[in-house]
Amino acid sequence: MKFNTKTIHGGQEHDPAYGAVMPPIYQTSTYAQSTPGGHKGFEYSRTHNPTRKALENAFASIENGKYGLAFGSGLAAIDAVIKLLKPGDEVISTNDLYGGTYRLFTKIFEDFGIKFHFIGMENADKVATFITKNTKLIWVETPTNPMMNIIDIKAIAEISKKNNILLAVDNTFATPYLQRPLDLGADIVMHSATKYIGGHSDLVMGALIVKDEKIAERLYFIQNASGAVCGPQDSFLALRGIKTLHVRMQRHCENGKAIAMYLKTHPKIEKVYWPGFEEHPNHQIAKSQMDDFGGMISFITKGSDYNSAIKIIENLKIFTLAESLGGVESLAGHPASMTHASIPKEEREKTGVVDALIRLSVGIEDVDDLIADLKQAIG
Ligand SMILES: *Cc1c(COP(=O)(O)O)cnc(C)c1O
């Protein structure tokens, strides 16, 4: 099955009860048993739920994995991955990453004795220099949020395999429409399904996808034991979102490209961050590991500071000032005070997240309207 067919049919069966084409929302916590243990594969909805199962199968299918797991949020999914580790273990992570991930690593898991190294991974060889005998996990986000750096998944996977270290990739920005990390050698793919997978800004959810049975077993154990699962209603919405992922992504990419090109030629713009530009430092890697360049763009206007950046965002009328990304509607954000406020200023600025930086999640509206909106807001 090819990708566009998988988004609609991958891992799906018509409901056995009445042949419902869409999986019913099994709004139940428990399941009748004829005798203790005499059930139809479902006992309790923290462990299993048929609607969530249908979604988990869809996750596995679109990422070319074998096993999918759905969680109550993207961070809950990351939390489950780190729980594969033990005190004393070390993690090498991208330094330019989602603020909430950084907060989870440094403010929760460091207290449990796990050590994190945050490094720039644009040059994959650098990763090898941080490996010790305690390194158990490499955590990669690519494209990075919000600087749109590109990390060579295949090159990092070679290093992780050679050293017997797990490689997890946060694929939230790219989605499997653009990039399939398991095919490139990663062990675990993670999503904030809140974003492009759900696609309509109407749910919060996380996903993990793996190929290896042993890792899957351990993650299912953690999912059930820690209990950060999503409910059947949200599972249904995410499944519905997945069915249009390919058509939405196609338009996100088209609109993203048009806006990146527009901003680049605008006389008031200092710098545009988008991996589709040939002069992007890792454009060649982006081209080889992604099928297109996505709808996320960051930019800085000339001579701008905190106040002028905020003014531009406030001037926007079609782009909504809001956290999050990946919905059908266009959003604009100010990373330094919003998504990345949990990263200390000096850490943040080292990776380029300055007060003047604006991040756009380009939606699927008519691109002429989006460009006109940016034009009036930038002036
Ligand atoms: C939003 C986001 C997360 C966290 O996901 P939630 O669903 O908000 O918990 C993790 N990684 C990236 C890249 C994100 O954009």
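Mentor: Buried means under 20% relative accessible area, and exposed means over 50%. Keep in mind that this model is predicted.

Trainee: Which residues of helix H6 are buried?

Mentor: H6 covers residues 153-162. The cut-off for buried is under 20% relative accessible area. The residues of H6 that count as buried are Ile153, Ile156, Ala157, Ile159 and Ser160.

Trainee: Why do the buried residues lie on the same side of H6?

Mentor: Take the buried set Ile153, Ile156, Ala157, Ile159 and Ser160. They lie on the same side of H6 because of the arc they cover around the axis, only 160 degrees.

Trainee: Which exposed residues sit on the face of H6 turned away from its buried side?

Mentor: Exposed requires over 50% relative accessible area. On the face of H6 turned away from the buried side, the exposed residues are Lys154, Glu158, Lys161 and Lys162.

Trainee: How far does helix H10 reach from its first C-alpha to its last?

Mentor: H10 runs over residues 245-265, which gives 21 residues. At 1.5 Å a residue, 30 Å is expected. The reach in the model is close to that, at 30 Å.

Trainee: What is the strand order in the open sheet?

Mentor: Five strands form this sheet. Their pairing is mixed. The order is E8-E9-E12-E11-E10.

Trainee: Which strands stand at the edges of the sheet?

Mentor: An edge strand here has a single partner strand, so one side of it is left without a neighbour in the sheet. That applies to E8 (269-273) and E10 (320-321).

Trainee: Which residue in E11 is the bridge partner of threonine 320?

Mentor: E10 pairs with E11 (residues 331-333) in the parallel sense, over two bridges. Threonine 320 has its bridge partner in E11, and that partner is leucine 331.

Trainee: What is the volume of the largest cavity?

Mentor: The search covers the whole structure and finds two cavities of 30 Å³ or more. The largest cavity has a lining that includes Phe173, Met290 and Phe293. Its volume is about 50 Å³.

Trainee: How many charged residues are in the lining of the largest cavity?

Mentor: Pro143 and Met148 are among the lining residues. By class, the lining has eight nonpolar and two polar residues. The charged count is no residues.

Trainee: How many charged residues are in the lining of the second largest cavity?

Mentor: This cavity holds about 30 Å³ of space. Residues that line it include Glu323, His334 and Arg359. The lining has three nonpolar residues and three polar ones, and its charged residues number two.

Key
Residues numbered from 1 in each chain as written. Predicted model: local features only at pLDDT ≥ 70, side-chain atom pairs only at ≥ 80, totals over all residues. Heavy atoms only, no water. Helix = DSSP H or I, 4+ residues; strand = E, 2+ residues; numbered from the N terminus. Expected span 1.5 Å × (residues − 1). 1 Å grid on protein atoms, 1.4 Å probe; cavity = no way out; pocket = protein on both sides within 12 Å on 5 of 7 lines; lining within 4 Å. Points joined across faces, edges and corners; volume = space filled by probe spheres on them. Nonpolar A, V, L, I, M, F, W, Y, C, P; charged D, E, K, R; others polar. Pairing = 2+ DSSP bridges. Buried < 20%, exposed > 50% of the residue type's maximum accessible area, 1.4 Å probe, protein only. Arc of directions from axis to C-beta.
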